[in-house]
Amino acid sequence: MKYLVTGGAGYVGSVVAQHLLEAGHEVTVLDNLSTGFREGVPAGAAFIEGDVRDAAKWLDPSYDGVLHFAAFSQVGESVVKPEKYWDNNVAGSLALLGAMREAGVRRLVFSSTAATYGEPEQVPIPETAPTRPTSAYGATKLAVDHMITSEATAHGLAAVSLRYFNVAGAYGAFGERHDPESHLIPLVLQVAQGRREAISVYGDDYPTGDGTCVRDYIHVADLAEAHLLAVAAARPGEHLICNLGNGNGFSVREVIETVRRVTGHPVPEVAAPRRGGDPAVLVASAHTARERLGWNPTRADLAGIVADAWEFAQHIAEEHE
């Protein structure tokens, strides 16, 4: 099978592209490298440096499907620069859907997000929960989900949206290279490396066990495997939406303590005020993914996730020495 992976030079896209190659598929990565890295394109994948809005230039009937990761994903930035997110995430996805329709490529897996839910009414969060995003990032992802539903209904697209919770860890030579970095585990690892003085803990008065926010962490390799299952499970005329998470939550302080234990380095903390829009607990119900995709995450141990991320962070640090 032959697949186009948009945004395949980014963190999740690169790991999914590698998994596709390992499964024997032919892969083309399309990425404009605005946030991705050329080093993130797996060996064995064809690479096109280009924008998803121009996908029609390269997409043709030889492709069996598209896995779509090309999006801006910084929640804070999306609040102050919403136009950037609507233009890239929504207009880019609309152009991609048009290119797929014209080329007769009728299978899509979309990288969606738990940010579509906003403040949850119940935990774990099911796919039937109300969608009330609190950022332009979440709103743009939800808009694309709606577009995909319309495309499936009107034009027979076979589509699956995967709503991630907190993705972490690394897979071989592929891990997080965000610049700027905004994800908790790599930020805490930067403190352990001495690249950052301390980790800010935003709020310690939440109604949780230790007062800090609780999040559901999923290993990036488990996430990638869900994408391969989703490609196979997609059905013409249906848009299936699945949450991806472990169903267990870890607090900010539990993450920090796990990093200390795994790395053997001190990690100073600095108390900071709560950030607006940060729910106390975000944990997924992944029942639909298990039932419909046959997905079963096997790397749910937080220490193992941190250890993989630490090994990759050390590798990146050596590259820049």
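Colleague: Before I start, UniProt positions are given in the numbering used here, feature names are shortened, and annotations may be inferred rather than shown by experiment. With that in mind, which residues does the "domain" annotation cover?

Modeller: This is a predicted model, and the annotation comes from an unreviewed UniProt entry, where "domain: NAD-dependent epimerase/dehydratase" covers residues 4-239. Over residues 4-239 the chain is 35% helix and 19% strand, and the C-alpha atoms at the two ends of that stretch are 19 Å apart.

Colleague: Let's look at helices, then. How are α3 and α4 placed relative to each other, going by their axes?

Modeller: Helix α3 takes in residues 82-103 and helix α4 residues 136-155, and their axes come within 9 Å and cross at roughly 15°. Angles under 35 degrees count as roughly parallel, which makes α3 roughly parallel to α4. The crossing in which α3 passes α4 is right-handed.

Colleague: And which residues of α3 and α4 meet there?

Modeller: On the α3 side they are Pro82, Tyr85, Trp86, Asn89, Val90, Ser93, Leu94, Leu97 and Arg101, and on the α4 side Ala136, Tyr137, Ala139, Thr140, Ala143, Val144, Met147, Ile148, Glu151 and His155. Sorted by class, the residues of this contact of α3 with α4 are 13 nonpolar, four polar and two charged.

Colleague: What about α1 and α6, at what angle do they cross?

Modeller: The axes of α1, residues 11-22, and α6, residues 220-233, cross at roughly 60° and come within 9 Å, and α1 and α6 are therefore oblique to each other. The crossing of α1 past α6 is right-handed. In α1 the residues Tyr11, Val12, Val15, Val16, His19 and Leu20 meet Val220, Ala221, Leu223, Ala224, Glu225, His227 and Leu228 in α6, and this contact of α1 with α6 is made up of ten nonpolar, two polar and one charged residues.

Colleague: One last pair: how do α5 and α7 cross?

Modeller: Helix α5 runs over residues 184-192 and helix α7 over residues 252-263, with axes that come within 10 Å and cross at roughly 45°. α5 and α7 are therefore oblique to each other, and their crossing is right-handed. The contact involves Leu184, Ile185, Val188, Leu189 and Ala192 from α5, together with Val252, Val255, Ile256, Val259 and Thr263 from α7. By class, the contact of α5 with α7 counts nine nonpolar residues, one polar residue and no charged ones.

Colleague: I see that Leu187 sits in α5 too. Is Leu187 buried or exposed?

Modeller: Leu187 has a relative accessible area of 14%, and since buried means under 20%, Leu187 counts as buried. Not counting residues up to four places away in sequence, Leu187 touches Glu181, Ser182, Arg196 and Ile199. The C-alpha atoms of Leu187 and Leu4, which are 183 residues apart along the chain, are separated by 31 Å.

Colleague: Moving on to strands, where is Ser251 found, and what is it in contact with?

Modeller: Ser251 is found in strand β12, residues 250-251, and at 3% relative accessibility Ser251 counts as buried. Leaving aside its neighbours within four places in sequence, Ser251 is in contact with Asp210, Thr212, Cys213 and Val214.

Colleague: Cys213 is one of the contacts of Ser251. Which residue in a loop is also in contact with Cys213?

Modeller: That would be Asp278, in the loop between β13 (269-272) and β14 (281-282). With its neighbours within four places in sequence left aside, Asp278 is in contact with Glu119, Tyr206, Cys213 and Arg215. Asp278 and Asp54 are 224 residues apart in sequence and 35 Å apart in space, C-alpha to C-alpha.

Colleague: What should I look at in the backbone?

Modeller: Most residues other than glycine have a negative phi, and most peptide bonds are trans. Against that background, a cis peptide bond joins Val123 and Pro124, with omega about 0°, and Pro124 has its place in the loop between β5 (107-113) and α4. Leu33 has a positive phi, near 60°, and is a residue other than glycine.

Colleague: Where does Leu33 lie?

Modeller: Leu33 lies in the loop between β2 (26-31) and β3 (46-49), and at 25% relative accessibility Leu33 counts as partly exposed.

Technical notes: Residues are numbered from 1 along each chain as its sequence is written. This is a predicted model: local features need pLDDT of at least 70, side-chain atom pairs count only at pLDDT 80 or more; totals for chains, interfaces and linings use all residues. Side-chain values use heavy atoms; hydrogens and water are left out. Axes are lines fitted to C-alpha atoms, for helices over the stretch in contact, and angles run from 0 to 180 degrees between N-to-C directions. Helices (H or I, at least four residues) and strands (E, at least two) are DSSP runs, numbered from the N terminus. Angles under 35 degrees count as roughly parallel, over 145 as roughly antiparallel, 65 to 115 as roughly perpendicular and the rest as oblique. A crossing is left-handed if the near helix is turned anticlockwise from the far one by less than a right angle, and right-handed if clockwise. Contact means heavy atoms within 4.5 Å. Ala, Val, Leu, Ile, Met, Phe, Trp, Tyr, Cys and Pro count as nonpolar, Asp, Glu, Lys and Arg as charged, and the others, Gly among them, as polar. Buried means under 20% relative accessible area, exposed over 50%, partly exposed in between (1.4 Å probe, protein chains only).
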